[in-house]
Amino acid sequence: MEETYLLNVEGVKKKILHGGRGELPKLQDGSKITFHFQTLKDDFERTVIDDSRKAGIPMEIIVGKMFKLEIWETLLSSMRVGEVAEFWCDAIHTGMYALVSRGMRRIAEGRDPLEGQKHRCGMGNMFDYHSMGYGDLDELQRTPQPLIFIMELFRVEEPSAYKRDTWAMSKEEKLAAVPVLHSEGNRHVLRKEFGQAAVKYQEAVICLRNLQAKEKPWEDGWLKLESLVTPLVLNYCQCQMELGEYYEVLEHTTELLQKHNDNAKAYFKRAKAHAAVWNEREAREDFLQVAHLDPSMAAAVKKELKQLGERMRKKHVEDQKRYQGLFQPPQGP
């Protein structure tokens, strides 16, 4: 018979189902914990609410990043690697479970876990909705109750031992990651690995945009970060041009020019993307804007306009031949 332990937390009991190995891991802010879990009701049938094994991938949380169900960090900190344990938790610890479960289910379904949420605290969001979208979670939301968690701890990784997702980085870590990602992107470009380069530039932009979100727009801190974002976006667009993703280039250069309408390089890349998708008028307008903003690029603009004219004339001749054959009456025998 398994022995029941009382953790030093009110309303929590632990039962070890399978012993782990080694010492208790030393958790610190930034440590990544990987585990499988099963959530059960504390009823006669022990009704299963969630099971991470059915989703096919284990759960991961980062210590110190305010995971909405704080008690899970406490439970996992009592486990050794390889251990399987069952925890009974009183309702004082499980009130947020419905919200957490909804997010996990949406991720498993390939949906945005924050879909439809307002920018409010988690508890406020819970009371904003008459339904969680799942009947069993609606019941938990209306009537918080004790739950049973069965957990299997796979590994605990130090902050320096794994590639951290952008959201899990501190401000200092994001700032330090940007030049590294920029350099990695440049190395991929030199090898003509444009897809890999685009990923690196995009990661760097995401780091900076996350930091910008905490600054007041157009003030010094925001502008300093924006000056780092702009060349990365242009590099990303150049990679997309090489990959033939012209509409992607149009989207990002247009967004950039809405904030910086004097950026000649952004106009130049957008003009080339317009030309590639046969938007002749838009391409010409952008090329002329480049020459106006930066006279040193006049020669490059002249060359591009000449090539654009030749391509459009060739297309016009081909279209005429195609339409002429299409509407020609069939000849008799």
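Contact here means heavy atoms within 4.5 Å. Keep that cut-off in mind as you click around.

You have a predicted model open, where local features need pLDDT of at least 70, side-chain atom pairs count only at pLDDT 80 or more, and totals for chains, interfaces and linings use all residues. Residues are numbered from 1 along each chain as its sequence is written, and side-chain values use heavy atoms, with hydrogens and water left out.

**The whole chain**

Start with a cartoon view. The protein chain has 13 helices and seven strands; these are DSSP runs numbered from the N terminus, with helices being H or I of at least four residues and strands E of at least two. Now switch on the surface: about 20000 Å² is accessible, and 53% of that belongs to carbon and sulfur atoms (Shrake-Rupley method, 1.4 Å probe; for residues, only the protein chains shown count as cover). Of the 333 residues, 41% are buried. Buried means under 20% relative accessible area, exposed over 50%, and partly exposed in between (1.4 Å probe, protein chains only). Among contacts between residues at least 6 apart in sequence, 67% join residues at least 24 apart.

**Stop one: Thr-94**

Select Thr-94, in helix α3 (residues 91-94). Is Thr-94 buried or exposed? At 5% relative accessibility, it counts as buried. Show what surrounds Thr-94: setting aside residues up to four places away in sequence, it touches Cys-89, Gln-145, Leu-147 and Phe-149. Zoom in on Gln-145, whose backbone oxygen sits 2.7 Å from a polar atom of the Thr-94 side chain.

**Stop two: the cores**

Next, select Leu-232 and Phe-287. They have the most contacts inside the largest nonpolar core, a set of 42 residues. (A nonpolar core is a set of buried Ala, Val, Leu, Ile, Met, Phe, Trp, Tyr and Cys residues joined through side-chain atoms within 4.5 Å.) To see where this core comes from, colour α7 (171-190), α8 (194-212), α9 (220-242), α10 (246-259), α11 (264-276), α12 (280-293) and α13 (298-327), each of which supplies at least two of its residues.

Which residues does Leu-232 contact, leaving aside neighbours within four places in sequence? Val-178, His-182, Tyr-201, Ala-204, Val-205 and Leu-208. Then jump to Leu-7, Phe-35, Met-79 and Phe-87, which are among the members of a second, separate core of 32 residues.

**Stop three: salt bridges**

Side chains of opposite charge can pair when their charged atoms come close. The structure holds 18 salt bridges, counted when a side-chain nitrogen of Lys or Arg is within 4 Å of a carboxyl oxygen of Asp or Glu.

Pick Glu-226 and Arg-209, which meet at 2.9 Å, N to O. This pair links distant parts of the chain, with Glu-226 in helix α9 and Arg-209 in helix α8, 17 residues apart. Glu-226 is buried at 1% relative accessibility, while Arg-209 is partly exposed at 25%.

Now go to helix α12 and select Arg-284 and Glu-280, bridged at 3.2 Å, N to O. They are separated by about one helical turn because they sit four residues apart in α12. Arg-284 is partly exposed at 30%, and Glu-280 is partly exposed at 29%.

Stay in α12 for Glu-285 and Arg-281, also four residues apart, about one turn of the helix. Their closest N and O atoms are 3.1 Å apart. Glu-285 is partly exposed at 43%, whereas Arg-281 is exposed at 52%.

For the last selection, take Lys-32, Glu-60, Arg-155 and Glu-157: salt bridges that share partners join them into one network.

Definitions and conventions: A polar contact is a pair of N or O atoms within 3.5 Å; within protein, one must be able to donate a hydrogen and the other to accept it, and residues adjacent in sequence count only if both atoms are side-chain atoms.
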